[in-house]
Amino acid sequence: LYIIIVMMVILSAAVEFGAKPVNLLRLMTIVALIVTGVVIFLKPFIPTLPFKVGNTVKAGNLLGKVEAITFLNTRLRTFDGKTFFVPNRQILDDIVINYHFTQTRRVKIDVCIRYDQDLLKAKRTLEAVLTEDARVKTKPGPMVYVLNLASNGVELGGRCWVANKDFWVARCDLLEKTKLRFDSEGIRFALPQLDLHIDRNEVNG
């Protein structure tokens with residue numbers, strides 16, 4: 001709209017100074033065709049930003065939602081209420097994570113249970129928590145793995161996929177449901193522990 005208004009003002013001014021409207025129209029058409037051809041030819045070589053307004057991105061050490069994009073910078077609003085104006089050149093030279101680029105995201109629910117707990121029951125319980133949530137995708141379905149035999153317990157990892165827009169809330173809800181379900185099933189979480197052995201001979205000596 002801005003370009004059209006500017007062109008109309010230029011044409012009107014030229015006509016007032018005696019220029020023929022037909023010649024001006026032809027000239028403007030030729031210029032427009034040349035500019036269009038140049039843009040089409042150079043478009044594959046023009047770097048573009050890997051996000052659009054409304055996307056949640058991480059650029060460098062900044063995580064937030066893109067509010068506006070100009071030719072020179074991007075306005076990014078972080079989740080603690082700060083607004084950053086990041087130069088586009090800096091964004092293009094850095095690693096950018098666009099959390100809206102894909103339709104789904106994987107949720108990780110990691111827990112650690114004591115060694116004296118029923119491992120298979122814990123796996124079934126965690127899998128049930130994931131399966132019963134309506135936001136969790138059935139393809140691929142949720143899975144539970146034994147991640148590690150740690151010094152203080154057995155580490156379990158639940159993996160499932162949800163819609164990108166539901167990721168954060170779904171993750172928080174699944175963590176809460178896991179804690180409540182494990183408590184109701186009597187499955188005890190492992191706590192950091194330190195075994196202390198006292199040599200009585202050295203103490204007596």
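This is a conversation about the strands and salt bridges of a predicted model.

Student: Let's start with the sheet; in what order do the five strands of the open sheet come?
Tutor: The order is β4-β3-β2-β1-β5, and the pairing in this open sheet of five strands is antiparallel.

Student: And which are the edge strands?
Tutor: The edge strands are β4 and β5, the latter covering residues 96-98, and each of them pairs on one side only. From one strand to the next, the twist averages 40 degrees.

Student: Zooming in on β3, which side chains point to which face?
Tutor: Strand β3 covers residues 73-78, and its side chains alternate along the way: T74, L76 and T78 point to one face and are buried, while N73, R75 and R77 point to the other face and are not buried.

Student: Why would they alternate like that?
Tutor: This is how a regular strand is built in general, because its side chains alternate between the two faces of the sheet.

Student: How does β2 pair with β3, and over how many bridges?
Tutor: Strand β2, which covers residues 62-69, pairs with β3 in the antiparallel sense over five bridges. The two strands form a hairpin with three residues between them, and one of the bridges puts A68 opposite its partner R75 in β3.

Student: What about β3 with β4, how many residues lie between them in the hairpin?
Tutor: In that hairpin four residues lie between β3 and β4, and G81 in the turn has a positive phi of about 90 degrees. Strand β4 covers residues 83-87, and its pairing with β3 is antiparallel, over five bridges.

Student: Which residues in β4 are the bridge partners of L76 and N73?
Tutor: For L76 the partner in β4 is F84, and for N73 the partner in β4 is P87. As L76 is among the buried residues of β3 and N73 is not buried, these two bridges involve residues of β3 whose side chains point to opposite faces.

Student: Changing topic, how many salt bridges does the count come to?
Tutor: The count comes to ten salt bridges.

Student: Which residue does R75 form a salt bridge with?
Tutor: R75 forms a salt bridge with E67, and the closest N and O atoms of this pair are 3.1 Å apart.

Student: Is R75 buried or exposed, and what about E67?
Tutor: Neither word fits, because R75 has a relative accessibility of 30% and so counts as partly exposed, and E67 is likewise partly exposed, with a relative accessible area of 32%.

Student: And how far apart are N and O in the salt bridge of D110 and R159?
Tutor: The side chains of D110 and R159 meet in a salt bridge at 2.8 Å, N to O. This pair links distant parts of the chain, since D110 lies in strand β6 (residues 104-113) and R159 in strand β8 (residues 154-163), 49 residues apart. D110 counts as partly exposed at 42% relative accessibility, whereas R159 counts as buried at 14%.

Student: What does R114 pair with in a salt bridge?
Tutor: R114 forms a salt bridge with D116, where the closest N and O atoms are 2.6 Å apart. R114 is partly exposed at 27% relative accessibility, while D116 is exposed, with a relative accessible area of 53%.

Student: Which residues are joined into one network?
Tutor: D133, R135, D173 and K177 are joined into one network by salt bridges that share partners.

Terms used. Residues numbered from 1 in each chain as written. Predicted model: local features only at pLDDT ≥ 70, side-chain atom pairs only at ≥ 80, totals over all residues. Heavy atoms only, no water. Buried < 20%, exposed > 50% of the residue type's maximum accessible area, 1.4 Å probe, protein only. Pairing = 2+ DSSP bridges. Salt bridge = Lys/Arg side-chain N within 4 Å of Asp/Glu carboxyl O. Axes fitted to C-alpha atoms, helices over the stretch in contact; angles between N-to-C directions.
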